Amino acid sequence: MVAMNDEHSHGDGEACPGCRFKAALAKFLERSHSEGREEWHMAIGELRQHMHAALLSLDAIEAAAFGDADTDDDELDDELDDDPAEAAAFAIVNVGNEINELRDTLIGNDDAGVGL
């Protein structure tokens, strides 16, 4: 594999682990979606929830710059008292863990740690 900016070429060799994962993931997503709503949810439900949590936590960091949220909800107050950056880091790590699990399931873990 030869790196060229953000693109790469496999030349005459095998597809790189990232490209093999993307191809296997695309097939997995297409198959899961075509099998019905329950199968789709079982296939990507946790990944989707973690992705939403990561986006919300990044939004919380951005929103913190605009002031203090005053609310009567004690549970929400406790969440707002947490470090938003730490919460975002945790949420993003959860997304990464889900992706690593998919990679291991779809192409094996021999290529763990190789970027997409």
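A contact here means heavy atoms within 4.5 Å. With that in mind, open the model, which is predicted, and follow the stops below.

**Whole chain**

Show the chain as a cartoon. Its secondary structure comes to four helices and two strands. Going along the sequence, the order is β-β-α-α-α-α. The chain has 116 residues, of which 16% count as buried. Switch to a surface view: the accessible surface is about 8,900 Å², and carbon and sulfur atoms account for 52% of that. Among contacts between residues at least 6 apart in sequence, 63% join residues at least 24 apart.

**Confidence**

Colour the chain by pLDDT. The average is 81, and 74% of the residues score at least 70. Which element has the lowest mean pLDDT, and which the highest? Select strand 1, residues 2-4, for the lowest, at 48. Then select helix 4 for the highest, at 95. Next, select residues 111-116, where the pLDDT is below 50. Beyond near neighbours in sequence, this stretch has ten contacts in the model. Where pLDDT is low, the predicted coordinates should not be read in detail.

**The core**

Select F21, F28, L47, A54, A91, V95 and L102 and show their side chains. These seven residues make up the largest nonpolar core. Two or more core residues come from each of helix 1 (17-34), helix 2 (37-64) and helix 4 (84-107). Helix 4 gives the largest share, three residues.

**One residue of the core**

Keep L102 selected and hide the other side chains. Which residues does L102 touch, leaving aside those up to four places away in sequence? Bring back F21, L25, F28 and L47: these are the residues that L102 touches. Of these, F21, F28 and L47 are listed with L102 in the core.

**A patch on the surface**

Now select L55, L58, I61 and I92. They form a nonpolar patch on the surface, with about 340 Å² of accessible area together. Helix 2 supplies the largest share of the patch, three residues. I92, in contrast, lies in helix 4.

Zoom in on I92. Why does I92 count as partly exposed? Its relative accessibility is 42%; buried means under 20% and exposed over 50%, so a residue in between is called partly exposed.

**Last view**

Show the core and the patch together, in two colours. Helix 4 gives three residues to the core and is also the place of I92 in the patch. Helix 2 is among the elements that give two or more residues to the core, and three residues of the patch come from helix 2.

Technical notes. Residues are numbered from 1 along each chain as its sequence is written. This is a predicted model: local features need pLDDT of at least 70, side-chain atom pairs count only at pLDDT 80 or more; totals for chains, interfaces and linings use all residues. Side-chain values use heavy atoms; hydrogens and water are left out. A nonpolar core is a set of buried Ala, Val, Leu, Ile, Met, Phe, Trp, Tyr and Cys residues joined through side-chain atoms within 4.5 Å. Buried means under 20% relative accessible area, exposed over 50%, partly exposed in between (1.4 Å probe, protein chains only). pLDDT is the predictor's confidence in each residue, from 0 to 100. Patches are made of residues with over 30% relative accessible area and no salt bridge: like charges are joined within 9 Å, nonpolar side chains (Val, Leu, Ile, Met, Phe, Trp, Tyr) within 5 Å. Accessible areas come from the Shrake-Rupley method with a 1.4 Å probe; for residues, only the protein chains shown count as cover. A salt bridge is a side-chain nitrogen of Lys or Arg within 4 Å of a carboxyl oxygen of Asp or Glu.
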